[in-house]
Amino acid sequence: MKLKPLLAVLIVGMFMSCGNKDFSHSSTDTSELTAAKKTTAVEKPSKAKQNYKKYYNSKYDYFVKYPANFGKYTEGDDGSGMSAHANDGSMLISTYASYNVLFTEDDDIYTMMETYKGWHIDDGCTITYQFAKGKSIVLSGYTKGGLIFYEKTVLYTRGNDEYIATVYYEYPKSEKAAGNAAIALIGNFPNE
């Protein structure tokens with residue numbers, strides 16, 4: 001796979017660093033996260049519990065649902081996505097998208113996943129869960145600061161253009177249940 005060096009640096013800069021926040025949380029029991037991820041894959045919020053907000057990005061035509069207990073989101077200057085925190089400050093959601101300038105038709109989803117994993121590992125993350133299928137990649141684990149992170153990246157097409165959209169959550173282990181509920185809302189991302 002060939003990456004254009006300057007473009008690659010710009011794109012990598014868009015992605016969350018694995019050590020940006022510190023919630024004074026120290027334990028990193030990876031078996032607990034792996035069990036949480038297996039549960040998340042089968043858990044769907046009931047109709048009664050679907051208390052969420054919806055963000056729509058018109059520039060890249062994608063949607064993401066996130067918990068209603070998050071404050072007002074801040075949209076980036078470039079219009080590629082948003083970020084918001086839970087009202088108590090314990091959780092972060094971030095979304096972003098771009099035209100697909102990194103990967104060609106010859107690159108498979110596993111090559112893409114290895115690229116994303118490498119970026120996280122370079123930032124000091126520990127990857128404890130990875131999944132790739134179709135045009136979706138899921139990575140999860142711990143940030144350099146010991147927070148749980150969950151990231152879903154999807155290649156999608158609108159008209160003749162191909163895009164990459166990512167939704168990223170970061171939270172302390174003490175918020176694991178709330179994190180699992182938030183992740184379950186992602187659903188059909190980047191579609192409504």
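**Note on the aromatic contacts**

1. Tyr55, Tyr62, Tyr73 and Phe189 are joined into a cluster by ring pairs. The coordinates come from a predicted model, and the remarks below should be read with that in mind. One member of the cluster also has a charged neighbour, for the charged end of Lys72 is placed over the ring of Tyr73, at 5.9 Å from the ring's centre.

2. Across the whole structure, the search returns 13 aromatic pairs. Among them is the pair of Tyr56 and Phe63, whose ring centres are 4.5 Å apart and whose planes make an angle of 40°, an arrangement classed as tilted. The two partners of this tilted pair fall into separate burial classes: Tyr56 is partly exposed, because its relative accessibility is 38%, whereas Phe63 counts as buried because its value is 18%, and the cut-off for burial is under 20%.

3. Phe149 and Tyr168 form another aromatic pair, and this one is stacked, with 6.0 Å from centre to centre and 15° between the planes. The contact links distant parts of the chain, since Phe149 belongs to strand S8 (residues 148-158) and Tyr168 to strand S9 (residues 161-171), with the two positions 19 residues apart in the numbering sense of being 19 residues apart.

4. Are the partners of the stacked pair buried or exposed? Phe149 has a relative accessible area of 0% and is therefore buried, and Tyr168, with a relative accessibility of 0%, is likewise counted as buried.

Note on methods
Residues numbered from 1 in each chain as written. Predicted model: local features only at pLDDT ≥ 70, side-chain atom pairs only at ≥ 80, totals over all residues. Heavy atoms only, no water. Phe/Tyr/Trp six-rings, centres within 6.5 Å; stacked < 30°, edge-to-face > 60°. Buried < 20%, exposed > 50% of the residue type's maximum accessible area, 1.4 Å probe, protein only. Helix = DSSP H or I, 4+ residues; strand = E, 2+ residues; numbered from the N terminus. Lys NZ or Arg CZ within 6 Å of the ring centre and 35° of its normal.
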